[in-house]
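Student: I have a model open and would like to go through it with you. Can we start with the strands?
Tutor: Fine, load it and ask away.

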Amino acid sequence: VEALGSWVGSQLCGVVAWRIDEASPTLCRSILLAVANGHRRRGHGRRLKRELVELARRAGAVAVVSEVHRDNDPMIDLNVSLGATVGRIDGDPDHVLCVIAVQTSG
């Protein structure tokens, strides 16, 4: 698992964690995206997710996938605003799968 933080001065405001899927190395699994109270709605989450997509592209991934609770509208909206498609997860009625296609260079 790898992680990246968003800082304001010496204060950690947000973090994103991910891993390249061992079974399917063209997928980057976004495991966590969190922004501290008091720092939300200031672009930290968006910057972190964009950076994750860029890191995934450089690693050769074709998509960044995130499992999101179906009631987490802010996270679903963020993913959609970055181009994600949203679909159901078989056997899991409580979560949706957000998939952001990674633009390859060339």
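Student: Which residue is the bridge partner of threonine 85 in strand 6?
Tutor: Valine 99 is the partner of threonine 85 there. Keep in mind that this is a predicted model.

Student: How many bridges hold strand 5 and strand 6 together, and in which sense do they pair?
Tutor: Strand 5 and strand 6 (residues 92-101) are antiparallel, with five bridges. Another of the pairs is isoleucine 89 with aspartate 92 in strand 6.

Student: What sits between strand 5 and strand 6?
Tutor: Two residues, in a hairpin. Glycine 91 is in the turn and has a positive phi of about 80°.

Student: And what does strand 6 do with strand 4?
Tutor: Strand 6 pairs with strand 4 over seven bridges, in the antiparallel sense. For a landmark, take glutamate 67, whose bridge partner in strand 6 is leucine 97.

Student: Now the N-terminal end. How many bridges join strand 1 to strand 2?
Tutor: Seven, between residues 2-8 and residues 11-20, and the two strands run antiparallel. Alanine 3 is bridged to alanine 17 of strand 2.

Student: What does the turn between strand 1 and strand 2 look like?
Tutor: That connection is a hairpin with two residues between the strands. Glycine 9 lies in the turn, with a positive phi of about 60°.

Student: How many residues does the hairpin from strand 2 to strand 3 go through?
Tutor: Six residues. Strand 2 and strand 3 are joined by seven bridges and run antiparallel. Valine 16 has leucine 33 in strand 3 as its bridge partner.

Student: So what is the strand order overall?
Tutor: The order is 1-2-3-4-6-5, in an open sheet of six strands with mixed pairing. Strand 1 and strand 5 (85-89) are the edges, each pairing on one side only. On average, neighbouring strands are turned by 30° against each other, ignoring direction.

Student: Which strands does helix 1 lie across?
Tutor: Helix 1 crosses strand 1, strand 2, strand 3, strand 4 (63-69) and strand 6. Helix 1 runs at about 160° to strand 3.

Student: And which strands does helix 2 touch?
Tutor: Helix 2 packs on the sheet and touches strand 3, strand 4, strand 5 and strand 6. The angle between the directions of helix 2 and strand 4 is about 160°.

Student: Changing topic: how many salt bridges are in the whole structure?
Tutor: Five. One joins the side chains of arginine 57 and glutamate 54, at 2.5 Å from N to O.

Student: Where are arginine 57 and glutamate 54 along helix 1?
Tutor: They are three residues apart in helix 1, so about one helical turn separates them.

Student: Last topic, pockets. What is the volume of the largest pocket?
Tutor: About 490 Å³. The lining of that pocket has 17 residues, and the closest to the centre are Val35, Arg41, Gly45, Pro74 and Leu78.

Student: Which elements give two or more residues to that lining?
Tutor: Strand 3 (27-35), helix 1 (44-58) and helix 2 (73-81). Helix 2 gives the most, with five residues.

Student: How does the lining of the largest pocket divide by class?
Tutor: Six residues are nonpolar, six are polar and five are charged.

Definitions and conventions. Residues are numbered from 1 along each chain as its sequence is written. This is a predicted model: local features need pLDDT of at least 70, side-chain atom pairs count only at pLDDT 80 or more; totals for chains, interfaces and linings use all residues. Side-chain values use heavy atoms; hydrogens and water are left out. On a 1 Å grid over the protein atoms alone, a cavity is a set of points where a 1.4 Å probe fits but cannot get out, and a pocket is an open set with protein on both sides within 12 Å along at least five of seven lines; lining residues have an atom within 4 Å of a point. Grid points are joined across faces, edges and corners, and a volume is the space filled by probe spheres set on the points. Helices (H or I, at least four residues) and strands (E, at least two) are DSSP runs, numbered from the N terminus. Ala, Val, Leu, Ile, Met, Phe, Trp, Tyr, Cys and Pro count as nonpolar, Asp, Glu, Lys and Arg as charged, and the others, Gly among them, as polar. Two strands pair if DSSP finds at least two bridges between them. Axes are lines fitted to C-alpha atoms, for helices over the stretch in contact, and angles run from 0 to 180 degrees between N-to-C directions. Contact means heavy atoms within 4.5 Å. A salt bridge is a side-chain nitrogen of Lys or Arg within 4 Å of a carboxyl oxygen of Asp or Glu.
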